[in-house]
Each structure stands twice: as C-alpha cells, then as structure tokens.
Amino acid sequence: MKTKLQIEGLKCEGCVKRICNILKQIKGIAEFELTLESKILSLNIKNKKILKEIKEQINSLGFTITEIDENI
C-alpha cells in the first residue's frame with residue numbers, strides 16, 4: 001500500500017535523519033523516501049495499521065503530519 005504524508009517542521013537534514021532512523025525500526029515498511037526539499041514522506045507499507053504507528057512516532061519527535069489524498 002502506497003501513501004504520502006506531508007511533514008511540517010522539517011528544518012534541516014538532521015530532522016530528516018531522525019525521522020528516517022525511526023522509520024527503519026518499524027516493521028512493515030517495505031520502503032520509504034523523505035526529502036527536506038519536498039517535506040513529503042512517500043511510503044510503501046504492508047497495511048493501514050502501520051500508518052497509525054508511523055504517525056505517532058513522527059509526532060513524538062515534534063513534527064506535524066498531514067496525509068496527502070492522491071485521489072483529489
């Protein structure tokens with residue numbers, strides 16, 4: 001399942017690295033990409049349940065997340 005999240009509060013590559021380190025620890029993420037320029041986290045996850053954990057972990061770092069609806 002592919003999904004995209006807008007991450008607000010990214011200010012430097014260190015912020016990106018902190019999020020990437022958290023994502024590497026979550027089982028069920030097949031692949032992900034996050035860049036400072038776009039502030040968009042692209043995910044390929046095994047199921048929707050994992051998305052809640054991802055959001056909670058990123059929020060715990062102090063970032064705000066908005067799910068991007070690609071069907072608009």
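Which residue in strand 4 does Lys4 stand opposite? Lys4 stands opposite Ile68 in strand 4, where strands (E, at least two residues) and helices (H or I, at least four residues) are DSSP runs numbered from the N terminus. This is a predicted model, in which local features need pLDDT of at least 70 and side-chain atom pairs count only at pLDDT 80 or more, while totals for chains, interfaces and linings use all residues. Residues are numbered from 1 along each chain as its sequence is written, and side-chain values use heavy atoms, with hydrogens and water left out.

**Strand pairing**

- Strand 1 (residues 2-8) and strand 4 (residues 64-68) pair in the antiparallel sense over five bridges, pairing being taken to require at least two DSSP bridges between two strands.
- Strand 1 also runs antiparallel to strand 3 (residues 40-45), to which five bridges join it, and within this pair Gln6 has Ile40 as its bridge partner.
- The two faces of strand 1 are distinct in their cover: Thr3, Leu5 and Ile7 make up the covered face, whereas Lys2, Lys4, Gln6 and Glu8 make up the uncovered one.
- Strand 2 (residues 29-34) pairs with strand 3 in the antiparallel sense, again over five bridges, and the bridge partner of Glu31 in strand 3 is Asn44.
- Asn44, which is found in strand 3, counts as buried at 18% relative accessibility; buried means under 20% relative accessible area, exposed over 50%, and partly exposed in between, with a 1.4 Å probe and protein chains only.
- Leaving aside residues up to four places away in sequence, Asn44 touches Met1, Lys2, Gly28, Ile29, Ala30 and Glu31, a contact being heavy atoms within 4.5 Å.

**The hairpin turn**

- Strand 2 and strand 3 form a hairpin with five residues between them, and Lys39 in this turn has a positive phi of about 60° although Lys39 is not a glycine.
- Lys39 is partly exposed, with a relative accessible area of 25%, whereas Glu37, which lies in the loop between strand 2 and strand 3, counts as exposed at 66% relative accessibility.
- Glu37 and Ile26 are 11 residues apart along the chain, and their C-alpha atoms are separated by 24 Å.

**Helix 1**

- The 13 residues of helix 1 should span 18 Å at 1.5 Å a residue, and the end C-alpha atoms are 19 Å apart, which agrees; the expected span is 1.5 Å times one less than the number of residues.
- The buried residues of helix 1 are Cys15, Val16, Ile19, Cys20, Ile22 and Leu23. They cover an arc of only 160° around the axis, and therefore lie on the same side of helix 1, the arc being that of the directions from the helix axis to the C-beta atoms.
- These buried residues pack against strand 1, strand 2, strand 3 and helix 2, while the face turned away from the buried side carries the exposed residues Lys17, Lys24 and Gln25.

**Helix 2**

- Helix 2 (residues 48-60) likewise has 13 residues, for which a span of 18 Å is expected at 1.5 Å a residue, and its end C-alpha atoms are 19 Å apart, which agrees.
- Ile50, Leu51, Ile54 and Ile58 are the buried residues of helix 2. Because they cover an arc of only 105° around the axis, they sit on the same side of helix 2.
- The cover over these buried residues includes strand 1, helix 1 (13-25), strand 2, strand 3 and strand 4, whereas Lys49, Lys52 and Ser60 are exposed on the other side of helix 2.
- At the N-terminal end, Asn47 caps helix 2, with a side-chain oxygen 3.0 Å from the backbone nitrogen of Lys49; just after helix 2, Gly62 takes a positive phi of about 100°.

**Cysteines**

- The structure holds zero disulfides, a disulfide being a pair of cysteine sulfur atoms within 2.5 Å.
- Cys12 is in no disulfide, and the nearest cysteine sulfur, that of Cys15, is 3.8 Å away; Cys12 counts as partly exposed at 36% relative accessibility.
- The sulfur of Cys20 is 11 Å from the closest cysteine sulfur, in Cys15, which is too far for a bond, and Cys20 counts as buried at 15% relative accessibility.

Key: Polar contact = N/O pair within 3.5 Å; in protein donor to acceptor, adjacent residues only side chain to side chain.
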